Amino acid sequence: GTQWAAYAIRYKNQIKEMRQRGIKFTTPMIIAGGPGAIKERAGEFYRACGDECRDPNSPAYIDIIAVNAFCGPWNINDPSDTEQGC
């Protein structure tokens, strides 16, 4: 988060132009995991980035939270119970 905030301030004019063309900015890819993992990892980013990442008027504003959501047998307590799936 701190690196993105510094980058956004440094390149604020270029970012403004990109936003005017409709480009959206995302968090770094957040990897899913066990219960609460996405929330914790997103929270880490936002705590490090500060209020700028939540302020739509800031060049550091994040439009989209990018998540690599995945599902597999590791997410299921009982693989024989298909209704329990992800």
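Q: A disulfide is a pair of cysteine sulfur atoms within 2.5 Å. In this predicted model, what makes cysteine 49 and cysteine 53 such a pair?
A: Their sulfur atoms are 1.6 Å apart. The cut-off is 2.5 Å, so the pair counts as a disulfide. The link of cysteine 49 and cysteine 53 is right-handed, with 45° about the S-S bond. By this rule the count is one disulfide.

Q: What does it take to call cysteine 49 and cysteine 53 buried?
A: The relative accessible area must be under 20%. Cysteine 49 and cysteine 53 are both classed as buried. Across the protein chain, buried residues make up 27% of the 86 residues.

Q: How do you know that arginine 19 and aspartate 63 form a salt bridge?
A: Their closest N and O atoms are 2.6 Å apart. The limit is 4 Å, so the pair qualifies.

Q: What parts does the pair of arginine 19 and aspartate 63 tie together?
A: Arginine 19 lies in helix H2, residues 12–20. Aspartate 63 lies in the loop between helix H3 (37–49) and E2. The pair therefore ties together parts that are 44 residues apart in sequence.

Q: Why are arginine 19 and aspartate 63 called partly exposed?
A: Partly exposed runs between the 20% and 50% limits. Arginine 19 has 22% relative accessibility, so it counts as partly exposed. Aspartate 63 has 27%, so the label holds there too.

Q: What makes glutamate 40 and arginine 47 a salt bridge?
A: The N to O distance is 3.1 Å. The cut-off is 4 Å, so these side chains qualify. By this rule the count comes to two salt bridges.

Q: Why is glutamate 40 partly exposed, while arginine 47 is exposed?
A: The line for exposed is over 50%. Arginine 47 has a relative accessible area of 56%, so it is exposed. Glutamate 40 has 41%, so it is partly exposed.

Q: What lets valine 67 count towards a surface patch?
A: A patch residue needs over 30% relative accessible area and no salt bridge. Valine 67 has 32%, so it passes the area cut-off. With Ile38 and Ile65, Val67 makes a nonpolar surface patch of about 210 Å². Valine 67 is placed in strand E2, residues 67–68.

Q: How do you know that residues 67–68 can be called a strand?
A: A strand needs at least two residues in a DSSP run. E2 covers residues 67–68, so it meets that minimum. The protein chain has three helices and two strands. Along the sequence they follow the pattern α-α-β-α-β.

Conventions: Residues are numbered from 1 along each chain as its sequence is written. This is a predicted model: local features need pLDDT of at least 70, side-chain atom pairs count only at pLDDT 80 or more; totals for chains, interfaces and linings use all residues. Side-chain values use heavy atoms; hydrogens and water are left out. Buried means under 20% relative accessible area, exposed over 50%, partly exposed in between (1.4 Å probe, protein chains only). Patches are made of residues with over 30% relative accessible area and no salt bridge: like charges are joined within 9 Å, nonpolar side chains (Val, Leu, Ile, Met, Phe, Trp, Tyr) within 5 Å. Accessible areas come from the Shrake-Rupley method with a 1.4 Å probe; for residues, only the protein chains shown count as cover. Helices (H or I, at least four residues) and strands (E, at least two) are DSSP runs, numbered from the N terminus.
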